[in-house]
Amino acid sequence: MDTGYRVNSELEIKNEDMKSMQDAFCKSNDIYLMCISKARGQITSFSGSKAEEDFVDANFKSELRREIMDSFIDGNVENIIERFGSKDYLMYKGVAIRGNEGHFLGVWLCFGIDKDTLPDTVELPEGLNVTTRVAFDKSILLLETLTKYYFAEKIKTQALKKQLNDEKNNEYEIKYKLKKNEIMTEILRMMESDNSFSKISEDILQEAGKYMVCSNTALLQISENGINVDMISEWSDTEEDALIAKFQEIPLVELPFMNGKPYTISSDANLPEAFEIFFIKYGIRAAIFLPINVNDSAAMYLCFLSLGKDRNWSVDDLRFANDIKRILHTILLKKITTNSLASSYNALEAILQNAGYGVVVVDLAQKQMLYTNDTFGIMFDNELDRAAIQEIVFDEKYNLPELNGYAANASGKWFDISINSLKWVDGRDARMLTFYDITDLRLYQKKVEKQAQEDTLTGLYNRQACEKDISMEFHVAKKLKKKFAVLMVDLDDFTSVNEGMGYKVGDDLLEYVAHSINDISYIKGKCYRVGGDEFAVLVEHDNYDNLEFIIKRIMNLFENPWTLNGQDYYCTMSMGCVKAPEDVEDATDILTRLNIAVHSAKNNGKNSVEFYNEKSKAVATEKVKMDQALRKAVDDGCKEFEVYFQPVMEFVDGVSRCCGAEALVRWNSPEYGMVLPDQFIINAEQSRMIVAIGYHVLEEAVRACKHWNDFGHPEYKVNINLSVVQLTQNDILEKIKSVIDDTSIDPKNITFEVTESLAIEDMDLMIKILKSIRKLGCRVALDDFGTGYSSLNYIRTMPIDTIKIDRAFVSDMNKDNFSEVFVKTISELADSLNVDVCVEGVEVNEQVNMIGRFSVNLAQGYYFDKPLEKADFEKKYL
């Protein structure tokens with residue numbers, strides 16, 4: 001049992017005890033203390049006056065505090081560390097706060113003023129504590145002893161509390177299971193009843209509602225017209241809470257959850273606007289909505305509601321609710337009579353003729369067209385379009401439920417197509433295709449997309465278009481094994497133009513610069529405005545040999561004055577250049593390197609060009625600054641680190657569908673822009689900043705996944721990367737469990753990805769940690785398999801659920817026989833061990849077809865989608 005983390009939590013939560021100890025100790029020993037938690041920073045306020053605090057802050061710099069903090073390590077090593085400043089009369093020491101087995105939890109930072117060596121010329125603020133070096137050293141030894149015994153008692157107390165809680169939890173668990181068994185036995189008896197479905201459902205709702213301790217349980221049914229919804233059965237714990245009377249003929253559009261998806265919404269959930277309006281209208285604080293399907297569509301909804309009282313649903317609550325849903329579904333199917341439609345062909349035809357969309361019904365086996373409505377004939381009045389659409393209508397390869405964005409080339413129309421299997425009126429198997437004309441919508445989207453990628457001032461493409469074009473050029477150049485380059489031009493001291501000559505003149509200068517650069521040979525159309533006074537130029541692989549010419553032409557532009565408002569104005573610029581692909585792993589890395597190169601050019605005196613080079617002194621200097629910015633970002637609570645989500649696709653019957661996402665961190669730096677992991681993760685691991693960053697990603701990713709699970713996708717999982725540094729933290733299991741408990745997520749929906757490099761650490765320790773993570777209910781994936789320290793022995797010995805095959809093998813499959821055999825062999829081995837296989841880096845359809853022949857059930861890569869911001873991911877996949 002690791003009580004270290006529990007004591008660490010107490011440092012954050014019960015800091016009044018620490019403050020009391022600090023106040024008394026400072027007063028009696030004439031020194032100054034600060035209590036700093038390793039996980040959460042400073043946890044006690046200053047003991048003394050404002051003047052005393054200002055003096056200590058001015059003379060005990062944050063860099064020195066950090067140095068003392070970072071000097072301590074886990075284990076029973078040294079507990080007191082001394083450091084020296086620029087003034088002999090100032091004394092600095094740190095006293096370690098340790099938990100179980102010597103785990104480092106925090107530090108007392110100690111500051112003293114030696115009156116014996118204090119120069120006469122130095123005047124201290126009135127009331128400042130002074131001591132002697134001998135007294136200071138004795139005080140520190142006393143503080144070490146007090147701290148050691150204080151936390152030893154804390155650890156013992158926590159151990160006893162945990163033992164008591166475990167016993168209480170076990171007792172509760174037994175009572176809970178007995179109660180649940182009694183309820184389920186009673187409900188299962190109801191399944192055999194001859195009563196009507198209405199009566200049976202009322203009895204089940206009553207038992208379920210009482211067990212779940214919620215205010216209302218109800219069944220909702222969509223009316224025959226498909227427009228309204230009625231509450232057909234309800235149990236409520238009080239008559240005042242009953243909703244059935246006012247929940248009749250409610251327009252379907254007012255119920256945002258009735259779309260065929262399940263929803264689990266706790267009181268602390270972030271509600272979309274439509275849900276918020278619905279909840280406020282009916283006084284709902286928390287709800288579970290579960291669809292009951294008949295013939296693959298939601299015929300009813302089972303609802304568990306909490307009115308007037310906050311409720312956070314647990315995993316057990318959701319499991320019980322789903323059990324009730326399955327029971328009601330079984331009963332419903334027994335009661336429903338078959339073939340209830342019993343409508344004639346004439347009635348069906350009358351409905352479809354006036355539907356407003358094109359309809360085709362065909363017999364695939366006989367290649368016979370059974371029915372088309374008039375709208376279909378109008379949509380495809382062009383012979384070429386009609387011939388092309390006939391192929392789709394009768395081609396069994398088109399078996400997806402939806403085919404969106406079909407282009408009828410002859411007429412220029414666009415259609416969304418819905419494909420369904422059904423029984424025709426004569427009983428035969430048939431296929432129905434529904435065509436929706438989306439031409440106007442598509443033309444509007446194109447117009448909006450064009451506007452979204454244009455800079456309104458200069459008419460150039462903007463940063464979004466620049467990133468898109470760079471990404472496309474990166475993939476093309478990499479495939480052709482060619483080079484291309486990207487330039488960034490940053491106008492020097494542009495703010496002086498705005499402030500000295502006015503914003504109108506500043507805008508004129510930006511327009512002149514934009515068009516002058518864009519008109520240079522080999523650039524036309526590839527100049528972008530990517531910031532207020534920043535322009536990017538994409539030199540494609542076809543023009544790479546002209547790079548030197550392009551750079552000279554740009555620099556020549558700034559040798560002459562610009563005429564602004566009738567006056568000549570000299571403007572200089574700093575330019576950065578990145579050549580790619582070279583060692584660039586990802587297209588988005590190019591803009592980060594450009595920022596570094598531009599900063600280096602400015603540091604060299606402006607009006608110059610700097611080529612990005614890992615080994616150059618300028619780049620090295622800029623990297624030091626970037627490291628300092630990284631430290632500041634972490635110290636500020638990791639707010640600059642954003643979590644992106646790349647969809648993971650699951651293959652079901654040969655069709656790919658989203659089953660979750662991998663969480664990927666990005667550093668959105670105010671100074672360097674969007675920085676990719678390969679530019680900061682290694683440094684973060686070496687400095688152990690990865691611990692704070694990793695915990696931030698863990699919290700954000702799990703909360704996002706819980707939101708997906710609650711709002712219609714209980715099957716979605718999130719993959720989270722764990723580094724060796726994180727795994728060797730003594731509180732890693734406690735942190736994971738804390739996030740699971742705080743969010744009430746089903747732990748099986750969390751997959752932790754670890755790399756093979758774990759094997760060169762302590763293999764036995766890693767296996768122990770990974771087994772403990774799986775005991776929490778989470779899954780483990782072995783990432784980047786096939787690179788580095790690969791060994792089939794890892795598959796046998798490491799407790800894993802998924803193998804992720806490295807992108808290098810996927811990209812080489814179509815040209816390297818070894819890569820193809822490797823993927824095939826590992827997938828077959830994993831299949832025999834009942835382990836999932838995910839291939840990374842899928843980028844083209846040919847790769848999808850190849851892995852389709854193997855035992856691969858998961859894939860991710862740019863072919864499906866790039867990493868997306870949370871809002872964009874939810875817009876596309878939720």
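In what order do the six strands of the open sheet lie, and is their pairing parallel or antiparallel? The views below are taken from a predicted model.

**View 1. An open sheet of six strands with antiparallel pairing.** The strands follow the order S8-S7-S6-S11-S10-S9. Strand S8 (250–251) and strand S9 (263–265) form the edges, each pairing on one side only. As general background, strands of a sheet pair through backbone hydrogen bonds, in either a parallel or an antiparallel manner.

**View 2. The pairing of strands S6 and S7, with helix H6 packed on the sheet.** Seven bridges join strand S6 (residues 216–222) to strand S7 (residues 228–236) in the antiparallel sense. Within this pairing, Leu-220 has Met-231 of S7 as its bridge partner. Helix H6 (residues 197–212) packs on the sheet and touches S6, S7, strand S10 (284–294) and strand S11 (297–307). The direction of H6 makes about 55° with that of S7.

**View 3. Strand S29 between its parallel partners S28 and S30.** Strand S28 (residues 717–721) pairs with S29 in the parallel sense over four bridges. On the other pairing, S29 and strand S30 (residues 779–785) are also parallel, over five bridges. Thr-751 takes part in both: this residue of S29 is the bridge partner of Asn-719, and Thr-751 stands opposite Arg-779 in S30. Because five of the six residues of S29 (residues 750–755) are buried, the strand is largely enclosed by the rest of the structure.

**View 4. Helix H20, a mostly covered helix.** Helix H20 (residues 690–710) contains 21 residues. From its first C-alpha to its last, H20 reaches 30 Å, close to the 30 Å expected at 1.5 Å a residue. Of its 21 residues, 17 are buried. Gly-712 follows the helix and has a positive phi, near 105°. In general, an α-helix has 3.6 residues a turn, so residues three or four places apart point the same way.

**View 5. Buried cysteines in a structure with zero disulfides.** A search of the whole structure finds zero disulfides. Why does Cys-527 form no bond with the closest cysteine sulfur? The closest cysteine sulfur to that of Cys-527 belongs to Cys-466 and lies 9.2 Å away, too far for a bond, because a disulfide requires two cysteine sulfur atoms within 2.5 Å. Cys-527 is buried, with a relative accessible area of 1%. Cys-214 is buried as well, its relative accessible area being 4%.

Conventions: Residues numbered from 1 in each chain as written. Predicted model: local features only at pLDDT ≥ 70, side-chain atom pairs only at ≥ 80, totals over all residues. Heavy atoms only, no water. Helix = DSSP H or I, 4+ residues; strand = E, 2+ residues; numbered from the N terminus. Expected span 1.5 Å × (residues − 1). Buried < 20%, exposed > 50% of the residue type's maximum accessible area, 1.4 Å probe, protein only. Pairing = 2+ DSSP bridges. Contact = heavy atoms within 4.5 Å. Axes fitted to C-alpha atoms, helices over the stretch in contact; angles between N-to-C directions.
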